[in-house]
Each structure stands twice: as C-alpha cells, then as structure tokens.
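Please look at the model below with its helices and its empty space in mind. The report starts with a pocket and then turns to one helix contact.

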Amino acid sequence: MSSPPRELSSKGRQTRGAIEQAARELFAERGFHGTTLADITSAAGKSTAVLYRYFNDKEDLLAALAQSFLTDTVEPSGLSVRLPESPEDTEFFSSVISTYWDMFKPNIGVMIAVAQLAATNERFAALQNEFRRSGMEVVAASVRQAQHQGYGLDLDADHIGAAFALLFENFTIVFVGPSGPQWRISDSDAIATLSTIWRKTLYGR
C-alpha cells in the first residue's frame, strides 16, 4: 500500500513535489518499466535516499500519483456536468471533452504507467477502473438524456458509456503519449474529433 500521509514541512512538500513531477514526465516519455528510480531522482535533482523518505518503491510512487489524480481531479470533475439539451447543443460535448482533455493531458504519464501495470496488478487495475468510472457515468447519462428526447433508443447506455471511456482513454494515450510524431494532433482537433463521435452516436447527426 502507499505510504500513509504525514505532515510535511514546506521544504518536504517541495522535495516530494519535485520527485512526483519528474516521475510524471519520465513515465510519459519512457513508460513505467523504462523508468528507474535513479532516473526519477536525477531528473528531480535529488538522491535516491531522499525518495525513500516519501515512497517505499516505484510502484508506491505511482500509486500515490494515481490516487492523488483520481481524488483531486478526476472524481470532482463529474459532479456538476449538465446534460445535452438537444442535438444542436454542441457546446455540451465540446466542453466536457475539453475538460477531459485538460485533465488527462498533463497526467498522461500516470495514465500510461497505470495502464502498463493494470494487466497484471489488481491494485492498478482497480485504479484504472476508477479513472474510467466518472467518464462512463457522464456518457451513460447523456445516452439516457438523448433517449428521453427520442434519440438513440436502441443504445444501451451502460455499454456506450464503457465503450466511450475506453475510446477516450486510448485516444489520449496514443495521441498525447510517446507514440511518435505521426500521431500528433492539436488540442482543438482532438476535442472536435471526440465531441463529434460522441454527439453523432447519440443523435445520428
């Protein structure tokens, strides 16, 4: 389990923050398995011994990053999302996708690292599912809203929610992660693409 939280001094918070930021950036560039603790501490300008004051090992560091991202950013994002008013309510789709993109892009290293471990590690599989939960719930709610308006009556809201959560996740990992320049896309094009797919799935136009 992750190290229990403890009160840190101002210097301690700065040191831990530097280690965490270095880990985020290196996980994005090299993935979890391609990043060593020595890489992280070197990038942070700290010693490996200092890292062990805050984390038990590399998995513990990733778990702390993932849990913080989930608790502080992902979970609160779905609390006040309104639902689409009509097929012409393109602002709903673009605003939700924009919020999603702005949340996950800076944390792509955490997403990549968690995805790499989730296949064989139950703790990280559970965290990955929690990342997806809020997105699944928002999409499923939008399906039910469209059905209430007379659209998408043949859609299963929960299945569409799961499918779109996976689509958004993998789209972000490929287009933001270290897959190569052929996969690069502007933020505006990414948001427009995902928004259009979502809206047309619900409303057919």
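Helices H4 (58-77), H5 (90-104), H6 (108-118), H7 (122-148) and H8 (157-176) each contribute at least two residues to the lining of the largest pocket, where helices (H or I, at least four residues) are DSSP runs numbered from the N terminus. The model is predicted, so to speak of local features a pLDDT of at least 70 is needed, side-chain atom pairs count only at pLDDT 80 or more, and totals for chains, interfaces and linings use all residues. Residues are numbered from 1 along each chain as its sequence is written, and side-chain values use heavy atoms, with hydrogens and water left out.

The space in this largest pocket comes to about 410 Å³. A pocket is, on a 1 Å grid over the protein atoms alone, an open set of points where a 1.4 Å probe fits, with protein on both sides within 12 Å along at least five of seven lines, and its lining residues have an atom within 4 Å of a point. Of its 28 lining residues, Ser77, Tyr100, Met103, Ser134 and Gly135 are the closest to the centre.

The table sorts residues by class, with Ala, Val, Leu, Ile, Met, Phe, Trp, Tyr, Cys and Pro as nonpolar, Asp, Glu, Lys and Arg as charged, and the others, Gly among them, as polar.

| Group | Nonpolar | Polar | Charged |
|---|---|---|---|
| Lining of the largest pocket | 17 residues | 8 residues | 3 residues |
| Contact of H1 with H4 | 7 residues | no residues | 4 residues |

Helix H1 (residues 10-30) packs against H4 at an angle of about 95°, their axes being 11 Å apart, and the two are therefore roughly perpendicular (65 to 115 degrees). In this contact (heavy atoms within 4.5 Å), H1 supplies residues including Arg16 and Glu20, and H4 supplies residues including Lys58 and Leu61.

Glutamate 20 also forms a salt bridge with arginine 16, their closest N and O atoms lying 2.9 Å apart; the term means a side-chain nitrogen of Lys or Arg within 4 Å of a carboxyl oxygen of Asp or Glu.

Conventions:
Grid points are joined across faces, edges and corners, and a volume is the space filled by probe spheres set on the points. Axes are lines fitted to C-alpha atoms, for helices over the stretch in contact, and angles run from 0 to 180 degrees between N-to-C directions. Angles under 35 degrees count as roughly parallel, over 145 as roughly antiparallel, 65 to 115 as roughly perpendicular and the rest as oblique.
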